[in-house]
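This report goes through a predicted model, from the build of one chain to its contact with another. Please keep the sequence and the structure in view while reading.

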Amino acid sequence: MKKFFSSYENFVLLAIIILAVVITAVNPNFLTLENILDLLKSYSFVGILSIGVLFVLISGGIDISFTATATVAMYVMAVMLNKYGGNMVTAFLIAGVIGISLGMINAIFIHYFKIHSIITTIATLNIYYGLLTFFSNGKWIYSLPPWFREFSQVRVLTLTNAAGREFGLSIITVIWLVLLILAWVILRYTMIGRGIYALGGNPVSAERVGFNIPRLQIFVYSFMGLLAGIAGVVLTLLVQSVAPNSIVGKELDVLAAVILGGASLLGGVGTLRGTVLGVILIATMNNGMTLMRIPPYWYDVLIGMIIVISVSASAYQHRQKKYKTTVIEVQ
Amino acid sequence: MNRKYSENLILILALVGIVLLMGMVNGRQFFQVSNLQAMAFQLPELGILSLAMMITMLTAGINLSIIASANLTAIVAALILSNLLGPDAAGSGATAVSLLAIAAGLLVAALVGLLNGYLIAWLEVSPILATLGTMILLQGAAIVLTKGYVISGFPPLILFIGNGKILGVPMPMIIFTVCATVMAVLLNRTKLGTSIYMFGSNATATHYSGINNRRVIMQTYLVSGIYSGVAALIMMSRFNSAKADYGESYLLMTVLAAVLGGTSAAGGFGTVSGLIIGLIILQVVSNGLNLLRVNNFLTIAIWGIILLLVMIANYYRNQYQQKRRTA
């Protein structure tokens, strides 16, 4: 029992369970398989982005430009698909390449010109978003190829509820799960993954041990870009339209999920398990507010409070540990 | 001292160049008295917010919550005004209520500053995270208080803060001058100022030289909070309204103004005089782009590009200086 509570992630898990019990007590619709699968589908977008943000935070940096990257990727993708046609593979390919390129631009400024990642990404957020809105005139795209619409309705697993309506595990959720496994393998079993932890823990020692710091940083920000691109496609699948201004400004929601999951801005700390739990906690809270009929304008206050409390708690824990002993944390 | 002068000299040369360029491109409109006066009304709110940003950057921190805390300040003041005065804002006790509203607003701003300071100094949360959290929290509080609506219609005393003139000088300009002077004196002539610069250069060494680091951080964020409150009063007066999402694009601009003026994001370096020159450059460029009818979103992108260019220039200057020092 003591060991259970020594891990921060288990606190998040506990919070989710308590929240779920309270919400279910008020509205039993919450704890149905249908609602949960729906929730997982609609939070795939945040979930995919949060993986990238986790990588950046572990490496000791921060990125807030990913919403702009995702927007540019999905806009260009939609325009190109409408113009030249294609299939799902080309859709992901276009968005992915754009994402990687924009992420790489971030990495170049951060690594080669030693500009702090928050300043770089505040700047590039505005550049990407500003240029996109300028060139697109802020126009929404509603028309998407029919096969694009069909793909979004594909279910890997189909069930029928009591009322006879079909529901199931969406292909969109599966994309998230596949990316999670990929990220888990990278973090746990590759030199790049270990290098990212080392870089965040102590850049100087990481370099002395022989890690290639430029390559690691370029990887981290490009990976963030790639995931932003994929998330852009996923969002387009979910809402079936592309708006230049729909997600810029929402970067804090994603950051909140990752920070809730225990990643620290000091770098070197953070796990995928925690990040997934963070996303689920935010999803539960948001869904719970709807089911319990709490006015939506309370949402920011609650999220803000949870962030302040959780960063304080984890910083306090970190401080206590620091005074006791030097700790090297490994996933 | 030499370094300071040479930095400001480069900035002043850049400013002169930009003003000449503006004169050549659109001189008739640019040098009109009404245009210059419009700039004098616009510069102060951004200027005071930039001062609030700069003082935290000097300690190697950042304050992402300044805009949110400014909006909350304005909303609290506006709610007091609208609830105590009713719809006709020119009632008998208007002056007393206005003063009460101003005091309450500034108190909120100060409390926000203390909250940030507490999180950063005592709980040792990194400044980015702490102020990010308070930013979302304050935004939420502002939305809850207003339910997303605009609160408008203020008594004459409040309107005077942002729109009045004394001897032909715009009131916001006077407030900005006072704020900048106070900040300059605080940074250059007081123990706190010296401690802030020292902390930004090397926190451990500062601690060992007998300075209470926690108090320095608390006071830094307190000052930052109060300045955002002052900016809020000017903003609400100029717009004659308060809303939860005013001035969102200012966050980028305040960082840009500070960095352009020579404030180092890594802490320890930066002057009020540099910041002011940086601000004037920003204002002139922004005004110029406006006169040339450049698209708003393109302008935002241009700010981002300028920020990166300035940072790259700083990087090369630092390298050059380091080479000279080691040679």
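What percentage of the 331 residues in chain A do buried residues make up? Buried residues make up 48% of them, where a residue is called buried if 20 or more other C-beta atoms, placed from the backbone, lie within 10 Å of its own, exposed if 12 or fewer do, and partly exposed in between. The model is predicted, and local features therefore need a pLDDT of at least 70 and side-chain atom pairs a pLDDT of 80 or more, while totals for chains, interfaces and linings use all residues. Residues are numbered from 1 along each chain as its sequence is written, and chains are lettered from A and ligands numbered from 1 in the order in which they are written.

**Chain A as a whole**

Chain A has 15 helices and two strands, both being DSSP runs numbered from the N terminus (H or I over at least four residues for helices, E over at least two for strands). Its radius of gyration, taken over C-alpha atoms, is 20 Å, close to the 20 Å that the globule rule gives for 331 residues, so chain A is as compact as a globular protein of that length; the rule is 2.2 Å times the number of residues to the power 0.38. Along the principal axes, the C-alpha atoms of chain A fill a box of roughly 60 × 50 × 35 Å. Of the contacts in chain A between residues at least 6 apart in sequence, 77% join residues at least 24 apart, a contact being a pair of residues whose C-beta atoms, placed from the backbone, lie within 7 Å.

**Hairpin and helix crossing**

Strand β1(A), residues 155-160, is hardly covered, and the count of buried residues among its six residues is zero. Five bridges join β1(A) to the antiparallel strand β2(A), residues 166-170, where pairing requires that DSSP finds at least two bridges between the strands. L159(A) stands opposite F167(A) in β2(A), and in the hairpin, which has five residues between the strands, G164(A) takes a positive phi near 90°.

The axes of α4(A), residues 44-58, and α13(A) come within 9 Å and cross at roughly 65°. Residues of α4(A), including V46(A), L49(A) and V53(A), meet residues of α13(A), among them V254(A), L255(A) and V258(A).

**The contact between the chains**

The contact takes 35 residues from chain A and 37 residues from chain B. On the side of chain A that touches chain B, the elements giving two or more residues are α7(A), α13(A) and α15(A), and the largest share, 12 residues, comes from α15(A). In chain B, I136(B) lies in helix α5(B), residues 127-146, and counts as buried because it has 27 C-beta neighbours inside 10 Å. Leaving aside its neighbours within four places in sequence, I136(B) is in contact with L252(A), D300(A), I303(A), G304(A) and I307(A). The C-alpha atoms of I136(B) and L64(B), 72 residues apart along the chain, are separated by 9.7 Å.

**Positive phi in chain B**

Two loop residues of chain B, neither of them a glycine, have a positive phi.

| Residue | Phi | Loop in chain B | C-beta neighbours within 10 Å |
|---|---|---|---|
| A60(B) | near 65° | between α2 (33-58) and α3 (66-85) | 18, partly exposed |
| R293(B) | about 60° | between α12 (272-291) and α13 (296-326) | 6, exposed |

Note on methods. Contact = placed C-beta atoms within 7 Å. Axes fitted to C-alpha atoms, helices over the stretch in contact; angles between N-to-C directions.
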